[in-house]
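Work through these exercises with the model open beside you. Try each task before reading its solution.

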Amino acid sequence: MPKRLLSRLAGPTPILAMNCLLVLLMAQGSWDILRSIQALPERQHALEEILQGLSTILVAFGVVLQEREALLTFLKLYPHGRTPLQARVDHHCSGYGLSVILVGLFVGVAVYLIRMPDLDIVDFDPALIVLGTLLCLAGGALLARLSWLLWRERKQA
């Protein structure tokens with residue numbers, strides 16, 4: 001692929017667009033879970049699947065964000081194409097990428113705790129589903145904050 005196309009695909013605008021899409025996905029998935037919480041016994045497996053999917057998406061996109069600089073180096077776009085704007089974008093993506101990975105992993109842990117064989121002492125499933133949902137919303141909030149930072153960086157450049 002031409003370097004110019006790769007450089008544009010890894011720039012702040014595509015990241016911003018993907019962040020916006022994922023924020024909407026986190027909000028929609030969380031809304032679906034929270035409005036179905038009353039029907040938990042009948043819908044629990046479906047709600048777990050939604051959380052597991054959102055968890056996977058958060059982790060995968062977090063890895064892409066965190067490793068943006070390494071990817072651009074591997075594609076030989078850096079160090080030659082590294083501008084001050086790109087350096088600031090790398091900095092934001094690295095920190096927020098790690099945060100999104102951690103949030104996604106904790107959503108996955110909540111789902112796994114539900115699916116683990118339990119001791120039949122207390123039913124924590126509703127609380128874990130709500131916790132996973134709140135973590136998905138937190139992941140969406142992190143992506144929204146990153147979008148705001150990237151938008152501000154683009155305007156300052």
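**Exercise 1.** Find which residues Ser 30 touches, leaving out residues up to four places away in sequence. Then decide whether Ser 30 is buried or exposed.

*Solution.* This is a predicted model. Start with the location: Ser 30 sits in helix α2. Next, list the partners. Ser 30 touches Leu 54, Thr 133, Cys 136 and Leu 137. Now check the accessible area. Its relative value for Ser 30 is 2%. Buried means under 20%, so Ser 30 is buried. Finally, look at a residue further along the chain. Glu 69 is 39 residues apart from Ser 30, and their C-alpha atoms are separated by 31 Å.

**Exercise 2.** Test the span of α2 against a value of 1.5 Å a residue. Then name its buried residues and say what they pack against.

*Solution.* Take the span first. Helix α2 covers residues 12-35. It has 24 residues, which should span 34 Å at 1.5 Å a residue. The end C-alpha atoms of α2 are 34 Å apart, so the two values agree. Now take burial. The buried residues of α2 are Pro 12, Ile 15, Leu 16, Asn 19, Leu 22, Met 26, Gly 29, Ser 30, Asp 32 and Ile 33. Their packing partners are α3, α4 (68-74), α5 and α6.

**Exercise 3.** Work out how α2 is oriented to α3, and which residues meet between them.

*Solution.* Two numbers are needed. Packed helices are described by the angle between their axes and the distance between the axes. The axes of α2 and α3 come within 10 Å and cross at roughly 160°. Angles over 145 degrees count as roughly antiparallel, so α2 is roughly antiparallel to α3. The crossing is left-handed. From α2, the residues in contact are Ile 15, Met 18, Asn 19, Leu 22, Leu 25, Met 26, Gly 29, Ser 30, Asp 32 and Ile 33. They meet Leu 47, Ile 50, Leu 51, Leu 54, Ile 57, Leu 58, Phe 61 and Leu 65 in α3. Sorted by kind, the residues of this contact are 14 nonpolar, three polar and one charged.

**Exercise 4.** Repeat the analysis for α2 and α6: what is the angle, and how far apart are the axes?

*Solution.* The axes are 9 Å apart, and the helices pack at an angle of about 160°. Therefore α2 is roughly antiparallel to α6. Here too α2 passes in a left-handed crossing. The residues of the contact of α2 with α6 include 18 nonpolar, six polar and one charged.

**Exercise 5.** Now take α3 and α6: are they roughly parallel or antiparallel?

*Solution.* Helix α3 spans residues 40-66 and helix α6 spans residues 125-156. Their axes come within 10 Å and cross at roughly 30°. Angles under 35 degrees count as roughly parallel, so α3 and α6 are roughly parallel to each other. The crossing is left-handed. On the α3 side, the residues are Leu 40, Gln 44, Leu 47, Leu 51, Leu 54, Leu 58, Phe 61 and Leu 65. On the α6 side, they are Asp 125, Pro 126, Ile 129, Gly 132, Thr 133, Cys 136, Gly 139, Leu 143 and Leu 146. This contact holds twelve nonpolar, four polar and one charged residue.

**Exercise 6.** Decide for each of Asp 90, Glu 153 and Ala 141 whether the residue is buried or partly exposed.

*Solution.* Begin with Asp 90, in helix α5 (residues 84-115). Its relative accessible area is 4%, so Asp 90 is buried. Beyond its neighbours within four places in sequence, Asp 90 is in contact with Arg 68, Glu 69, Leu 72, Tyr 78 and Arg 82. Move to Glu 153, in helix α6. With a relative accessible area of 5%, Glu 153 is buried. Not counting residues up to four places away in sequence, Glu 153 touches Leu 85, Arg 88 and His 92. Last comes Ala 141, also in helix α6. Its relative accessible area is 44%, so Ala 141 is partly exposed. The C-alpha atoms of Ala 141 and Arg 4 are separated by 31 Å.

**Exercise 7.** Describe the chain as a whole: how many helices and strands are there?

*Solution.* Count the elements: six helices and zero strands. Then check the extent. The C-alpha trace spans about 60 × 25 × 25 Å along its principal axes. Of the 157 residues, 38% are buried. Finish with contacts between residues at least 6 apart in sequence: 82% of them join residues at least 24 apart.

Notes
Residues numbered from 1 in each chain as written. Predicted model: local features only at pLDDT ≥ 70, side-chain atom pairs only at ≥ 80, totals over all residues. Heavy atoms only, no water. Axes fitted to C-alpha atoms, helices over the stretch in contact; angles between N-to-C directions. Helix = DSSP H or I, 4+ residues; strand = E, 2+ residues; numbered from the N terminus. Parallel < 35°, antiparallel > 145°, perpendicular 65-115°, else oblique. Left-handed = near helix turned anticlockwise from the far one by under 90°. Contact = heavy atoms within 4.5 Å. Nonpolar A, V, L, I, M, F, W, Y, C, P; charged D, E, K, R; others polar. Buried < 20%, exposed > 50% of the residue type's maximum accessible area, 1.4 Å probe, protein only. Expected span 1.5 Å × (residues − 1).
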